[in-house]
Amino acid sequence: MNNKFIQFTSLVLLSVLFSMTTMAADMTVGEKTYQQACAMCHASGVANAPILGKKSDWVERSKKGTEALVNSAINGLGAMPAKGGQAQLSDSDVAAAVDFMLIALDKEEPAESAAVPLETKPLV
């Protein structure tokens, strides 16, 4: 019985670690996709794009729900081109970028220096 408990506990711990690793990998994809396709406009608010981390820019948009935001990012909306102009991105990469931007709302407002994109080159 003790051996079965250890096996069960090990399985649970491995499942938790796998889930955490998968979530971290998704955030990495989201951040990379943001830098590649979204930061050029969402870091500074070009063409009225909501700024990363600036809650007041996202209030009305977030009321539409995550699914609507993802659909807008995938298909384009107003001045925003489909997939941020990066047609090679998968829908799941774009969804990860939207999640990355929404999670940024839980952080403090961005400092002026943080608004500059780190890089905007393709993920290839």
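Asn75 sits in helix 3, which covers residues 66-75. This is a predicted model, and in it Asn75 comes out exposed, at a relative accessible area of 57%. For a sense of distance, Asn75 and Asp91 are separated by 16 residues in sequence, while their C-alpha atoms are 9.6 Å apart in space.

Now for the interior. The largest nonpolar core has 21 residues, and the members touching the most other members are Tyr34, Cys38, Leu52, Val98, Met101 and Leu102. Helix 1, helix 3 and helix 4 each chip in at least two residues of this core. Helix 4 gives the largest share, with eight residues. As a general backdrop, nonpolar side chains in soluble globular proteins tend to be buried together. Cys38, one of those well-connected core members, touches Thr33, Ala97 and Met101 once residues up to four places away in sequence are set aside.

Turning to the aromatics, the count stops at one aromatic pair. The partners are Tyr34 and Phe100, in a tilted arrangement with 5.4 Å centre to centre and 45 degrees between the planes. Tyr34 belongs to helix 1 (residues 2-42) and Phe100 to helix 4 (residues 91-104), so the pair ties together parts that are 66 residues apart in sequence. Tyr34 has a relative accessibility of 3% and therefore counts as buried. Phe100 counts as buried too, because its relative accessibility is 13%, with the cut-off for buried set at under 20%. Tyr34 thus turns up in both stories: as a partner in the tilted pair and among the core residues that touch the most other members.

Key:
Residues numbered from 1 in each chain as written. Predicted model: local features only at pLDDT ≥ 70, side-chain atom pairs only at ≥ 80, totals over all residues. Heavy atoms only, no water. Phe/Tyr/Trp six-rings, centres within 6.5 Å; stacked < 30°, edge-to-face > 60°. Helix = DSSP H or I, 4+ residues; strand = E, 2+ residues; numbered from the N terminus. Buried < 20%, exposed > 50% of the residue type's maximum accessible area, 1.4 Å probe, protein only. Core = buried A, V, L, I, M, F, W, Y, C linked by side-chain atoms within 4.5 Å. Contact = heavy atoms within 4.5 Å.
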